[in-house]
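User: Could you take a close look at one part of this for me, starting from a patch on the surface and working outward from there? I'd like one connected walk-through rather than a list.

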Amino acid sequence: MEHNAFIANILELIRNRELGNLKSLLAEAEEMEILQIFYEASAEEQVIAFRLLAKDTALSVFEQLDTDLQQNLLHSFTDEGTAELINEMAPDDRVRLLDEMPAGVAKRLLNLLSAEEREATNVLMGYEDETAGRIMTTEFISLRREMTAEQALEKVRRQASDKESVYTLYVTDNARMLEGVLSLKELICAEPHEKIEDIMHRATSVHTDDDQEDVAHIMQDLDLLAIPVVDREGRMVGIVTIDDAIDILEEEATEDIMDQAGLVGAKGGEVDRSEILVKGSMLKIWRVRMPFLLITLVAAMIAGGLIANIEDVLESIIVVAFFIPLIMDMGGNVGTQSSTVFARGVVLGHIDTKQFFKHISKETGIGLSMGLFVGALAGLIAFIWQGMPELGLAVGVSVAFTMTLAAFLGFLVPWALLKLKLDQAAGSAPIITSIKDIAGLLIYFLSVNTFMRHLITEAYDTLYY
């Protein structure tokens, strides 16, 4: 059955309350299909589907849902059902859920935890927000260096069902000091009598107070499935897993993309952003979207004033006006590309702001190379179309300079706002657009005046005398 048809069939069974057939289909479904059901179903339908899932599947699916969906499901449970679910959750996923809930609700849920799980949760919640300690899980398998591979494998078998990740194993001493690391594959491939100290290798670790985004970048650069977290004394206290690292990078990238569109002011999680923009009052939506649109409006009025000042030129040689949209649009496209490259590069750690001038030099060079090519092409088309080599030269030069300037601004403006501790993502696009439009028009009219002065004079004389 095709994916879309499968989802539609599941939703139809829910609505018709055919619970027997529904339970059978859910038992055969992949987790990704079940997750998609929750994102397409209503709140009532989500509850019905969740209650028919097998226990292990329900827990795994619940941990992968957005926090707003998790909260909706929890509201439908009794305290007993809620307690069972959150006690089974991984500590880091539990903390993420509690962080998104009102303080009173979070406190009630904490009181439903067992003493052991409450202690593990409180440990994580004791760390600063957005640090490795806050997002780590305390569920990992530690080995001793004097163990044999056979002994270690037996320990993994005993503990695997209770741990979040078993693909990477850690070697600690009696004081929990991190000594080394090895993969599950290395352990399985080792001879039974081999000592762990002969198999393990040096571990890359992070500290509990390290920024979560830095941790995610380290994991991305080193292709790690998990990274150990140590406290200030060097004792191993948890691990950050790859799913958490991906969530952090995606959230940061999504925030930058939304802010670049001028959606400033929608602070908090993506759920809050979406709720403001879709369900918020007219006033709230205006507060989010209007400020930078006004910047663009002012710039457009200035650009209109520039055009009004060369009205005589446009009247004498009307074809000059034909290429204004081309020059402004090409500059706009390059500026948007460059600012997006900068934002994504900073988010993913590919751009080091300490070496900013190296990066902006390269981007400006790229803008120049593209500008020369597109400018030559646009100039040739203008010449063939209008039969005026002077116009082709003016268009070509203007396109080349405007695209180069736009590439330069695409890196410079967000970097400058970042240095000034202003919202670089939200402010970059309108500022770049404003400067580029005004500068692009000036470049074009200067080029026209330089290369076409004699034609303008002749046309002006013909028009008025």
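Analyst: Let's start with a nonpolar surface patch of about 580 Å², built from F322, F373, L377, I381 and W385. Keep in mind that this is a predicted model. Take I381 as the way in: this residue sits in helix α21, which covers residues 356-386. Its relative accessibility is 47%, so I381 counts as partly exposed, since the label "exposed" is kept for values over 50%. That value still lets I381 into the patch, because patch members need over 30% relative accessible area and no salt bridge.

From the greasy side, let's turn to the charged one. The structure holds 9 salt bridges. One of them joins E44 to R17, with the closest N and O atoms 2.8 Å apart. This pair ties together distant parts of the chain: E44 belongs to helix α4, R17 to the loop between α1 (3-15) and α2 (19-28), and the two are 27 residues apart. Their surroundings aren't labelled alike: E44 counts as exposed because its relative accessibility is 52%, while R17, at 40%, counts as partly exposed.

Another long-range contact is the salt bridge between E197 and R145, where the closest N and O atoms are 3.2 Å apart. Here the link runs from helix α14 (residues 196-199), home of E197, to the loop between β1 (142-143) and α12 (149-159), where R145 sits, and it spans 52 residues. E197 has a relative accessible area of 36%, so it is partly exposed; R145 gets that label too, at 31%. This pair doesn't stand alone either, as R145, E179 and E197 are linked in a network of salt bridges.

R235 and D231 make a salt bridge as well, with their closest N and O atoms 3.2 Å apart. R235 is partly exposed at 28%, whereas D231 is buried, because its relative accessible area is 10% and the cut-off for buried is under 20%.

While we're in the loops, have a look at two backbone oddities. E130 has a phi near 60 degrees, a positive value in a residue that isn't glycine. You'll find E130 in the loop between α10 (115-125) and α11 (132-135), and it counts as partly exposed because its relative accessibility is 47%. R176 also has a positive phi without being glycine, near 65 degrees. R176 is placed in the loop between β2 (168-172) and β3 (178-183), and at 41% relative accessibility it is partly exposed too.

Last stop: back to α4, by way of a pocket. The second largest pocket has a volume of about 320 Å³. It is lined by 13 residues, and those closest to its centre are F50, A58, G81, E84 and L85. Helices α4 (43-51), α5 (55-64) and α7 (79-88) each bring at least two residues to that lining, with α7 giving the most, 4 residues. As for the chemistry, the lining has 7 nonpolar, 2 polar and 4 charged residues. So α4 turns up twice on this tour, because it holds E44 of the bridge to R17 and also supplies part of the pocket lining.

How values were computed:
Residues numbered from 1 in each chain as written. Predicted model: local features only at pLDDT ≥ 70, side-chain atom pairs only at ≥ 80, totals over all residues. Heavy atoms only, no water. 1 Å grid on protein atoms, 1.4 Å probe; cavity = no way out; pocket = protein on both sides within 12 Å on 5 of 7 lines; lining within 4 Å. Points joined across faces, edges and corners; volume = space filled by probe spheres on them. Nonpolar A, V, L, I, M, F, W, Y, C, P; charged D, E, K, R; others polar. Patch = residues over 30% accessible without salt bridge, like charges linked within 9 Å, V, L, I, M, F, W, Y side chains within 5 Å. Areas by Shrake-Rupley, 256 points an atom, 1.4 Å probe, with all protein chains shown as cover. Salt bridge = Lys/Arg side-chain N within 4 Å of Asp/Glu carboxyl O. Buried < 20%, exposed > 50% of the residue type's maximum accessible area, 1.4 Å probe, protein only.
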